[in-house]
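The following exercises concern one protein chain and its ligands. Please study the sequence and the model before reading each solution.

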Amino acid sequence: MSAGTVVIDQEACKGCELCIAACPASVLVMTTDQVNVRGHRYPQLLAGCIGCTACTAICPDFVFQVYRFDRPDPDGDA
Ligand code: SF4
Ligand code: SF4
């Protein structure tokens with residue numbers, strides 16, 4: 001079940017990982033092998049986003065766009 005989702009501009013990420021600790025739902029995880037064109041690992045979204053906007057508030061590089069669903073998504077992986 002997800003109440004929100006985020007769009008991640010992976011190419012804008014510098015791999016600082018601030019967003020990982022800031023997410024209260026613990027649904028952001030850094031890639032392990034994949035890197036962007038600048039060589040940085042970047043966050044990926046797991047199911048369970050609550051649309052709280054903490055990630056976009058803390059990210060210095062405006063990587064996230066946060067959306068909240070009118071009704072929670074039962075599949076949770078949107
Ligand atoms: S806070 Fe922003 S720049 Fe830092 S790892 Fe997360 S998405 Fe990338
Ligand atoms: S909106 Fe909130 S719950 Fe969703 S990924 Fe960002 S910090 Fe985590």
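**Exercise 1. Determine the order of secondary-structure elements along the chain and assess the overall dimensions.**

Step 1. Read along the sequence, the elements follow the pattern β-α-β-β-α-β; helices (H or I, at least four residues) and strands (E, at least two) are DSSP runs numbered from the N terminus. The radius of gyration, taken over C-alpha atoms, is 12 Å, close to the 12 Å that the globule rule gives for 78 residues, so the chain is as compact as a globular protein of that length. That rule is 2.2 Å times the number of residues to the power 0.38.

Step 2. The model is predicted: local features need pLDDT of at least 70, side-chain atom pairs count only at pLDDT 80 or more, and totals for chains, interfaces and linings use all residues. Residues are numbered from 1 along each chain as its sequence is written, while chains are lettered from A and ligands numbered from 1 in the order in which they are written.

Step 3. Along the principal axes, the C-alpha atoms fill a box of roughly 35 × 25 × 20 Å. Of the contacts with a separation of 6 or more, 71% join residues 24 or more positions apart, two residues being in contact if their C-beta atoms, placed from the backbone, lie within 7 Å.

**Exercise 2. Identify the residues of the largest nonpolar core.**

Step 1. Buried residues make up 19% of the 78 residues. A residue is buried if 20 or more other C-beta atoms lie within 10 Å of its own, exposed if 12 or fewer, and partly exposed in between.

Step 2. A nonpolar core is a set of buried Ala, Val, Leu, Ile, Met, Phe, Trp, Tyr and Cys residues joined through C-beta atoms within 7 Å. The largest has twelve residues: V6, C13, C19, C23, V27, L28, Y42, C49, C55, C59, V63 and F64.

Step 3. Beyond its neighbours within four places in sequence, C13 is in contact with N36, H40, Y42, P43, D61 and V63.

**Exercise 3. Describe the shells around the two ligands by residue class.**

Step 1. Around ligand 1 there are 13 residues, the closest being C13, C16, C19, C59 and V63. A residue belongs to a shell if its C-beta atom, placed from the backbone, lies within 6 Å of the molecule.

Step 2. Ala, Val, Leu, Ile, Met, Phe, Trp, Tyr, Cys and Pro count as nonpolar, Asp, Glu, Lys and Arg as charged, and the others, Gly among them, as polar. The shell of ligand 1 has nine nonpolar, one polar and three charged residues.

Step 3. Ligand 2 is surrounded by 16 residues, with C23, C49, C52, A54 and C55 the closest. Its shell has 13 nonpolar, three polar and no charged residues. Both β1 (2-8) and α2 (54-58) supply at least two residues of this shell.

**Exercise 4. Which residues have a positive phi although they are not glycines?**

Step 1. S26 has a positive phi of about 55° and lies in the loop between α1 (18-22) and β2 (28-30). S26 is exposed, with 10 other C-beta atoms within 10 Å.

Step 2. T53 has a positive phi of about 75° and is found in the loop between β3 (43-45) and α2. T53 is partly exposed, with 15 other C-beta atoms within 10 Å.

**Exercise 5. Is D70 buried or exposed?**

Step 1. D70 is in strand β4 (residues 64-73).

Step 2. With 5 other C-beta atoms within 10 Å, D70 is exposed. D70 and N36 are 32 Å apart in space, C-alpha to C-alpha.
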